[in-house]
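Hi,

Here is the structure I promised to pass on. Have a look at it first, and then read on for what turned up.

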Amino acid sequence: MRMVRVLSAALMTLGLAAAPAAADASPSPSQDGASAPTQAGTSFRTAAEIEQGQPATASGSTGDYLYWSFPADTGQRPTVKATVKLPESHASQTWQIDVYDGLRRRQACQYGAQTRTAAADVSSVELACVLRTVRAWSEPWANDPLPGTYYVRLTATGVATADLGLPIGSEVRVDSRDIGGSAAVDGSLAEPLVPGVAPKPGQEREDAAVPAGLEPEDGWASGWWSDRWVWTAAGGILAALAGVGGYALTRGSGRPSRAPAA
């Protein structure tokens with residue numbers, strides 16, 4: 001029975017240790033509203049960097065391409081939301097958000113209103129794109145989302161000529177849900193897919209580029225750890241407890257005292 005008590009204590013300790021790890025795995029929203037970008041880039045290279053949970057705003061003109069970039073790590077399922085404030089007078093317009101990974105491959109949305117058409121009397125339009133879960137590793141020929149930088153592009157795809165150049169306002173926000181070990185795979189990337197350079201804030205010249213600073217708050221995941229390890233260890237401990245308990249129940253109390261010696 002002492003062995004049972006020891007294994008039970010180990011199981012409780014393992015569960016308590018796993019809880020903080022699971023809680024820390026999800027990104028925490030940025031509380032520094034003053035640092036939120038108020039401009040968007042006009043290309044992949046000049047995309048404005050934003051953190052998950054941080055709303056970003058930008059003004060532009062109808063017909064422009066607006067770009068933002070954000071980091072996404074292994075096990076996260078990012079959700080990109082965008083709101084476009086339209087001018088008071090405009091014709092029917094179709095707006096769309098596209099998300100690209102660090103290799104600039106367009107990523108499909110699992111669900112969400114990625115494209116919407118705003119009627120002439122509508123003052124704003126809301127878009128959303130829920131990506132697939134970011135994987136730690138993938139086959140070279142696959143188009144799976146991998147850890148690294150992701151790009152958001154917001155643009156109008158159907159605009160009347162008279163509406164081109166009209167001022168618009170936009171707000172973009174990215175949040176993620178931590179999927180955990182259910183999406184874990186064997187293998188990991190040597191390095192996350194991040195750009196080598198990024199522009200300094202407010203500058204778009206080639207000589208103004210600096211190393212990209214996008215990175216999750218707790219750093220990039222190593223790729224080998226997931227809560228699968230916790231459940232595997234817990235399963236092993238439970239199996240050991242079941243074995244000890246079964247043996248204790250079936251072994252009896254030993255040889256009866258009245259039984260003759262062999």
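A good place to start is V80: leaving out residues up to four places away in sequence, V80 touches F70, I97, V99, L127, A128, C129, V152, V172, R173 and V174 (contact means heavy atoms within 4.5 Å). Before going further, some housekeeping: this is a predicted model, where local features need pLDDT of at least 70 and side-chain atom pairs count only at pLDDT 80 or more, while totals for chains, interfaces and linings use all residues. Residues are numbered from 1 along each chain as its sequence is written, and side-chain values use heavy atoms, with hydrogens and water left out.

Now the cores. A nonpolar core here is a set of buried Ala, Val, Leu, Ile, Met, Phe, Trp, Tyr and Cys residues joined through side-chain atoms within 4.5 Å; buried means under 20% relative accessible area, exposed over 50%, and partly exposed in between (1.4 Å probe, protein chains only). The largest one has 30 residues, and W68, F70, V80, W95 and L154 touch the most other members. At least two residues of this core come from each of β2 (56–61), β3 (66–72), β4 (76–85), β5 (93–100), β9 (124–131), β10 (148–158) and β11 (167–178). Strands are DSSP runs (E, at least two residues), numbered from the N terminus. Another core, of five residues, lies apart from it and includes F44, Y67, Y100 and Y151.

Next, the sheet. Five strands form an open sheet in the order β2-β11-β4-β9-β7, with antiparallel pairing; two strands pair if DSSP finds at least two bridges between them. β2 and β7 (109–111) are at the edges with a single partner strand each, so one side of each has no neighbour in the sheet.

β2 deserves a closer look. Its antiparallel pairing with β11 runs over six bridges, with A56 opposite V172 and T57 bridged to E171. The side chains along β2 alternate: A56, A58 and G60 point to one face and are buried, whereas T57, S59 and S61 point to the other and are not.

So where does T57 stand, buried or exposed? T57 counts as partly exposed because its relative accessibility is 33%. Not counting residues up to four places away in sequence, T57 touches P37, T38, Q39, S170 and E171. T57 and A36 are 21 residues apart in sequence, with their C-alpha atoms 7.8 Å apart in space.

Cheers

Methods:
Helices (H or I, at least four residues) and strands (E, at least two) are DSSP runs, numbered from the N terminus.
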